[in-house]
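Work through the exercises below with the structure open. Try each task before reading its solution.

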Amino acid sequence: MEDRVLVVGGGAAGMEVAGRLARSGYKVTLTEKESLTGGHIRNWFHLFPDRRDSLEVLSYLENQVDHGNITLLTSTDVEGIETRHGSFLARTADDREIEADAVVLATGFDLFRSERKEEYGYGIYDNVISSADLEIMFRKGEIRRHDGEIPQKIGFVHCVGSRDEKVGNVYCSKLCCVAAVKQAMEVREYLKDAKVFCFYMDIRMGGALYEELYRESQEKYGVNYIRGKVSEIAENINGRLIVKVEDTLAGRPLKMELDMLVLMAGMEMSEGGRKIAEYAGLKTGENRFFAPADHHFGSNRGNLRGVFYAGTCTAPMNITESISHARAAAADVIEYLSNGRR
Amino acid sequence: MKAEGKKRVWADYQKDIADDHFFYVRSCIRQTFFPGSEQFFLHLMRKVLGKDVLENPSHTSCTGIGYHSDIVPLRTIMAVVARHFALMKESGYKNIAISCVTSFGIYTEILETWKHFPRELEQTREDLFKATGREFDIPENVAHTSDIIFKFRDEIAQKAKYRLVNRDTGKPLRGVEHIGCHYAKMFPKHGVGGAEFPRVLSGMIESWGGEIVDYPERRHCCGFGFRQYLVQANRGYSLSNTAKKFESMKPFRPDFVLTNCPGCNMFMDKWQYTIKEMDGTVYGEKGESIPILTYEELAGLVMGYNPWDLGLQLHMVQSEPLFRKMGIEFNPDDKYKTKDGRQMPVPQNLINS
Amino acid sequence: MEKFGFTLLKARFIDYDANDRSIAEFIYSKEPSFRVCIECGCCAATCTTGKYTRFSLRELNILMKRGENSLVRNKIRECMLCGKCTLVCPRGVNTRNVIALAREAYRKEQDNAV
């Protein structure tokens, strides 16, 4: 068997699907635009729901792609994919040509750029940070305000760039709620006396053990939840942040001063994925992610025969789901190639 | 606060502002309560910058105040605005320069309405033709007059006699900028710098040597609110919103407030007097109130014009504290004299004077 | 007011930082289950008192947590302590004890004031 598969994107889904296919005897080329594989996991410290160190998952994935059948091309942008006599020819930015019998797109997601919610002043107010910025602080083991002070009152703003027509994202990113709960608990562990507030529209705890985590955050960590989306952030003369939010459960607007605010950035179709969709003629949904051929039993296939999807390039997913989705993609590719490319 | 972040926002809201040949439409409030501003705008544009600005005496109120108070229906105000466009067409002009934020909001909202609902545009053409026999074109460029001053802010800075710098300390004066709700909240893309971190006034203040105060309630309404102040019993809502802003800016010790909108200027000015009368509260330093200026007044001051020619004595809160900080020479005896030197009556209970 | 015919109004917003939230803190310390309330409203939906009067334990819970005590102080006494709310609570909040503790806390507050 000499079938060759191109996997675009070296995050969790891409690494998992590459590893599975390699072990089944396929020659796999795995491309990654960054210099290192691992995608967003590399920027995360602890994972929900069990607070495991992300490095453990990363080392599992690195182990998956450590196989003789895999050619790993990092710092590589795929700039074109063409169909040729039932197979594919991909071109990279550095003019390399990759031939393949099937293509798996695992182009993942981009974090919503929080500065697009202008009213939150990300990139303007010193102590408005994103959920990703907070993970970097966790990794360093130090949560500090811009002026070096230790924050005592910290807020989390849910749904930044999700469920928001103003930024063109009508969908729920699904993971930001549980990420906020996890981060709120971690903040309380680092800063024993800190007060922590989550500003939310709905608490969406759809995954395994998420609701339990939410309850634990209230019961053991004293995290405060205020139902209402923050409408505006400003800075007072002491460099403290003022949030304006409607406390929808009290039915009145509420004003609060905070030392630091964390914006729970949502997930968007990656820029890389968007370009591929454009030049390869792949359909995307209203949410701009790749549109699956069928929502129930065809989520790894799209509108182009021989092109498969794995992971968050189709919708927001957590790591567990991305890996499962990648395994399903591998199974689908194998079936396709061993079944006369159907 | 990071200046770079604001620059990134401003880059997203660049506005195309015409360079010359403006059809000028006045503001009801400004030409009545502080007419020096419009007078100076015309002087600056024509005599100093050498621009062509036309005023048509047949121009009327845009009826925006009536519209926002549920007195003038939408169809009527569309016909009024269309008539102004017709006057512009007849005079051979394509760039409109609007002297009022309420009008600017009315014009932009109506133009946007016509874009999305072409039938409304056709209806308006028909209404105007039937009523007046006039026809109109959509303007090529719509600018608020502050947009135009913003565009020429550096030319003004080059001609400046004074800077927005405290003469005694050498430090930049602190200015609060207030762009007014209808300038950019409805259509951020039509405002210089957008709605959240607007650039139109802050650009002037910085260009003329001052420093911007960014206080928590900066984005809040001035309290004008049309219906709130038209009915006496409702004025508490208007007054309280103004008070909320002043309480929020007070700790920053601003030296002046620069306004975009006639209504904001009037209410931030007159409600300071009212609050002082009610419970003695003042928001400036040393028991003084904070002077509220229009962009033309501020431009005129830095360019060294006589404050009394700019009409600064017509505000409720007097601007003398600002003159002293800037080192502006002025003669208090001339304050209420006519052009030919006759003494007019002097108002009682002036603030800061 | 006489002079102008209008006056400055008190703002409606909840001033979280200025409000006294010690009543809620007291309840948290004695009845930790008060923390896990998710404001679902089961308690208020089933409440005998709330059926005919404007009494909602859900609302009073949130108001205590925000320190809006003036709206709760007397209202909390209207409960008849039948216990149906505790029976239906999906989070297992001991709502009867929450009410009892709230009454105790407000009574103490009053005594101290006197």
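**Exercise 1. Describe the overall build of chain B.**

Start with the contacts. This is a predicted model. Among contacts in chain B between residues at least 6 apart in sequence, 77% link residues at least 24 apart. Next, take burial: 51% of the 353 residues in chain B are buried. Then list the secondary structure. Chain B holds 17 helices and eight strands. Its radius of gyration is 20 Å, close to the 20 Å from the globule rule for 353 residues, so chain B is as compact as a globular protein of that length. Finally, read off the extents: the C-alpha trace of chain B spans about 60 × 50 × 45 Å along its principal axes.

**Exercise 2. Find the domains of chain A and characterise their contact.**

Begin with the bounds. The assignment for chain A gives domain 1 as 4-108 + 270-338 and domain 2 as 114-267. Taken over C-alpha atoms, the centres of these two domains of chain A are 31 Å apart. Now count the contact: twelve residues come from domain 1 of chain A and 19 residues from domain 2 of chain A. Sort the domain 1 side by class. The side of domain 1 that touches domain 2 in chain A has five nonpolar, five polar and two charged residues.

**Exercise 3. Which residues of helix α5 of chain A are buried, and how are they arranged around the axis?**

Helix α5 of chain A covers residues 210-219. Its buried residues are Tyr210(A), Tyr214(A), Ser217(A) and Gln218(A). Look down the axis of α5(A): the buried residues fall within an arc of 95 degrees, so they line one face of the helix. The general rule helps here. An α-helix has 3.6 residues a turn, so residues three or four places apart point the same way. Last, ask what lies over that face. The cover on the buried residues of α5(A) includes α4 (176-190) of chain A.

**Exercise 4. Analyse the contact of chain A with chain B.**

Count the residues on each side: 13 residues from chain A and 15 residues from chain B. Then find the main contributor on chain A. Strand β15 (residues 232-235) of chain A gives the most to the side touching chain B, with three residues. Classify that side of chain A: five nonpolar, two polar and six charged residues.

**Exercise 5. Analyse the contact of chain C with chain A.**

Here 13 residues come from chain C and 13 residues from chain A. On the chain C side, β1 (14-15) and α4 (57-66) of chain C are the elements that give two or more residues. The most come from α4(C), with three residues. By class, the chain C side has seven nonpolar, no polar and six charged residues. Now check for strand pairing. Strand β17 (residues 252-258) of chain A and β1(C) pair in the parallel sense over two bridges. Leu254(A) stands opposite Ile14(C) in β1(C).

**Exercise 6. Locate the unusual backbone features listed below.**

- Cis peptide: the bond from Phe48(A) to Pro49(A) is cis, with omega near -5 degrees. Pro49(A) sits in the loop between β3 (46-47) and β4 (52-53) of chain A.
- Positive phi in chain A: Arg288(A) is not a glycine, yet its phi is about 75 degrees. Arg288(A) lies in the loop between α6 (271-280) and β20 (307-309) of chain A. With 16 C-beta neighbours inside 10 Å, Arg288(A) counts as partly exposed.
- Positive phi in chain B: Arg253(B), also not a glycine, has a phi of about 50 degrees. Arg253(B) is found in the loop between α13 (235-249) and β7 (256-259) of chain B. With 13 C-beta neighbours inside 10 Å, Arg253(B) counts as partly exposed.

Terms used:
Residues are numbered from 1 along each chain as its sequence is written. Chains are lettered from A and ligands numbered from 1 in the order in which they are written. This is a predicted model: local features need pLDDT of at least 70, side-chain atom pairs count only at pLDDT 80 or more; totals for chains, interfaces and linings use all residues. Two residues are in contact if their C-beta atoms, placed from the backbone, lie within 7 Å. Helices (H or I, at least four residues) and strands (E, at least two) are DSSP runs, numbered from the N terminus. Ala, Val, Leu, Ile, Met, Phe, Trp, Tyr, Cys and Pro count as nonpolar, Asp, Glu, Lys and Arg as charged, and the others, Gly among them, as polar. Two strands pair if DSSP finds at least two bridges between them. A residue is buried if 20 or more other C-beta atoms lie within 10 Å of its own, exposed if 12 or fewer, and partly exposed in between; C-beta atoms are placed from the backbone. The arc is that of the directions from the helix axis to the C-beta atoms. Domain bounds come from an automatic or database domain assignment. The radius of gyration is taken over C-alpha atoms; the globule rule is 2.2 Å times the number of residues to the power 0.38.
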